[in-house]
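Visitor: I would like a close look at one part of this model. Please take me through it slowly, in plain words.

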Amino acid sequence: MSETPLDKIRNIGITAHIDAGKTTTTERILYYTGVSHRIGEVHDGNTTTDYMEQERERGITITSAAVTCEWKGHRINIIDTPGHIDFNIEVNRSLRVLDGAVFIIEGVAGVQPQSETNWRLADRYNVPRLIFINKLDRTGADFYRAFDTLKEKLDIVALPLQLPIGVEDQFSGVVDLVEMKAIIWEGGELGAKYHDAPIPDDLLEKAREYRQLLLDTALSVDDAAMEEYFEAGDVATATLKRCIKAATISGAFRPVLCGTAFKNKGVQPLLDAVLDYLPSPIDVPGIKIAAEEGEDEHAERRRIKADPKAPFAGLAFKIINDKYGTLTFVRVYAGTLRSGDMVQNTTRGHRERIGRMFQMHADKRAEIKEVSAGDIAAFVGLKDTMTGDTLAAAEDPVVLERMAFPVPVIDISVEPRTKESVEKMTIGLQKLAGEDPSLRLRTDQESGQTILSGMGELHLEIIIDRLKREYGVEANIGAPQVAYRETISRAVTETYTHKKQTGGSGQYAEVKIVFEPLERNGGVVFENKVVGGSVPREYIPAVEKGIRVQADTGVLAGFPTVDFKYTLIDGKYHDVDSSALAFEIAAKACFREGMKKAGPIILEPIMDVEVTTPQDHVGDVVGDLNRRRGMIQNQESSGSTIIVRAHVPLKEMFGYISDLRSMTKGRASFTMQFHHYDPVPRNIADEIMTKSA
Amino acid sequence: MPTPRLHWMRGRAEAEGGETRALEWIGCDDAGAAIARVVRLQGPIHTGWRLYRAVALDTEARVVQLRPPPPAGADWLACIGGQVVGRAALPLQAVRTAEAALGTG
Ligand SMILES: Nc1nc2c(ncn2[C@@H]2O[C@H](COP(=O)(O)OP(=O)(O)O)[C@@H](O)[C@H]2O)c(=O)[nH]1
């Protein structure tokens, strides 16, 4: 593959409310870009359609983390942006690695609650956006009404670059307001054929009116363009496009296009708009290096400019295991990397050798020999690089993202349907947990059950589904539970002697351990203060192991015990009867006894909940949050919408989405993410313990 | 749209994030005399103990307060002589307002 200059690369995402047409639009994009790529290569008229059919069956491209396509001499990397808040970290990371996005809304319903949520997330990262109003072929579709919901629901300055020609099943093309022409699609060949035409007479008046609005709005961002307009009474197409691009990047307004992906109309001009208006890697300021520990996240920091000659820097944003092995998707911000090069994993502090590199296309994976600033590639065979890790050149070992510790707050128990697949299930779950840092796996000491913890119900459902599809294991799952934790509230010193005389050699071990509470997020800390070999060196790991295993099943209700320190201060052993196993058993029992005396408590996850509601429902929303033991943090208004932020125990948030919908007639939406752990109130602790007993 | 009858050129400007942006556009007749202005509203600004919600520059570049403050989204004033003849969200719209006022007046 020839090298693509930086200004001809676009890294984009496509985001949409579920069912708005993200998949269909992506498919069409891959189809049309595939076609243009093949012209001159394949002359058989049927080949392209066949290829589309095959694609449909395999569907690989759509599930890939990033797919590369070519359009009019540009390379477009489409990065998958998961659309659900259960994947907060992934959504945030994918929004960071892309430079622009296409935001799809539906022509019938317009902006829907989940589109609002996605829009605001993109706002947080200042992602430049084009809006595509899809499904204009559907009965009841209305471009102008859908357009109005942009202003009403999102409170943005949206600006049409196109108007639809015909409605519903008569929808046949668009008026291009930039070049003042009509674009008409011909039937057949999945919409690959279209031509320019004069604007239909009945639309001329309206087109002029909207063209004037376009000029009024777009030229106001650029004084030189204003002068050109005053001079000539109009501006060159290139001038207008320059203004639209600048405003798209700054967010001064949001360009709106339209069509129907399903009926194959409007997608090619959307691709043109991606090239014309969304930024290339050199049109954006460059990624900020990560904040130092304790430094303000929003402070000004060094930015990495897209420069192929600078030292290498890239961010691993997605890891996928498929039948070829592990693929690590990396967004390259600076420098050039060739296969065989060594890089530093600056997040984890080790070196990695770059093996083979690929770019994923709709129909093939293309091996590449080098990848440069601004581009995206999938690396095969990285040893120990997780999503969110930075890879950098040794001479400038920057870190682009602090290691995040996503806290899995929902537990489910998992059990294979057949006894034979126990091992397969364990291997599968371990692999999946390796790809996804927000997934955790443990075994309950008492019940022997496998417990899977994740970010939310949907997150876990998807994992169970992947277990079935990718590892062929069907599993039964328990009801989702809050992932409680246990900890202690005071220090205690406990001695335990394990002694057993069974015929031949006996078992003997004694440990004396101090257990102390740590601050929240203190983890589990071990210190060895044994002097004079009262517990021989070789048994210390057994003591540690005993505590670690036992701590996974707390003494109150069987939840993992966290935020404590244990210090081994003394013990006794026997030359013949002591063994690692005896010390492990002693440590486990010492933990169980010690914990009971150390004022054990149960901790519950408290979520940071953000509800966006129209003004008229604020009272209901706040009252309801209070009933859910929520603590209101603040309220902000933006236009006629109010954003309420509150800390609410996760337990009280089950079923919130449907309650919120009925309370606000579907007009409010919310996001939530883990904030901290807090002790549960007495009555709820009793409830939890009764249930677990 | 008919071609504007005045010749518009950049008036005073302000530096904004490394760029200079026009704060006003001056409309001149064929003889080069300044006839109309469109002015960007600024504010709110704090001066000492008072808060001015909407202010603009007059022909002598003095900051003048506007009373009553214009509705939200009306960021540009169309002026002829010392008189405000209309308001608009965007500068090109204000230019048309000024020219229309000249035509009818
Ligand atoms: N009538 C019509 N249906 C569409 C259009 N685009 C998508 N669909 C249909 O809407 C449904 C959801 O589309 P999909 O692309 O899977 O949406 P996603 O959930 O956003 O990925 C599917 O049944 C599509 O066939 C369109 O432009 N017109």
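Guide: What follows looks at one helix pair and then at some single residues. This is a predicted model, and its overall scores are ipTM 0.80 and pTM 0.70. For chain B the average pLDDT is 76, and 63% of the residues score at least 70. Where pLDDT is low, the predicted coordinates should not be read in detail.

Start with the helix pair. Two packed helices are described by the angle between their axes and the distance between the axes. In chain A, helix 7 covers residues 201–219 and helix 8 covers residues 223–232. Their packing angle is about 140°, and the axes lie 9 Å apart. An angle over 145 degrees would count as roughly antiparallel, and 65 to 115 as roughly perpendicular, so helix 7 of chain A is oblique to helix 8 of chain A. Which residues of the two helices meet? From helix 7 of chain A come Gln212(A), Leu215(A) and Leu219(A); from helix 8 of chain A come Ala225(A), Met226(A) and Tyr229(A). Sorted by type, the residues of this contact are five nonpolar, one polar and no charged.

Next, take Lys597(A). This residue belongs to helix 14 of chain A, which spans residues 580–597. Is Lys597(A) buried or exposed? Its relative accessibility is 43%, and buried means under 20% while exposed means over 50%, so Lys597(A) counts as partly exposed. Leaving aside residues up to four places away in sequence, Lys597(A) touches Arg490(A), Val492(A) and Glu494(A). With Glu494(A) there is a polar contact between the two side chains, at 2.8 Å. Leu270(A), by contrast, is 67 Å from Lys597(A) in space, C-alpha to C-alpha, and the two are 327 residues apart in sequence.

Finally, consider two aspartates in loops. Asp155(A) sits in the loop of chain A that runs between helix 6 (143–154) and strand 6 (158–160). Its phi is near 55°, which is a positive value in a residue other than glycine. With a relative accessible area of 39%, Asp155(A) is partly exposed. Asp563(A) lies in the loop between helix 13 (540–551) and strand 33 (564–572) of chain A. Asp563(A) is not a glycine either, yet its phi is positive, at about 55°. The relative accessibility of Asp563(A) is 5%, so this residue counts as buried.

Conventions
Residues numbered from 1 in each chain as written. Chains lettered and ligands numbered in written order. Predicted model: local features only at pLDDT ≥ 70, side-chain atom pairs only at ≥ 80, totals over all residues. Heavy atoms only, no water. Axes fitted to C-alpha atoms, helices over the stretch in contact; angles between N-to-C directions. Helix = DSSP H or I, 4+ residues; strand = E, 2+ residues; numbered from the N terminus. Parallel < 35°, antiparallel > 145°, perpendicular 65-115°, else oblique. Contact = heavy atoms within 4.5 Å. Nonpolar A, V, L, I, M, F, W, Y, C, P; charged D, E, K, R; others polar. pLDDT = per-residue confidence, 0-100. Buried < 20%, exposed > 50% of the residue type's maximum accessible area, 1.4 Å probe, protein only. Polar contact = N/O pair within 3.5 Å; in protein donor to acceptor, adjacent residues only side chain to side chain.
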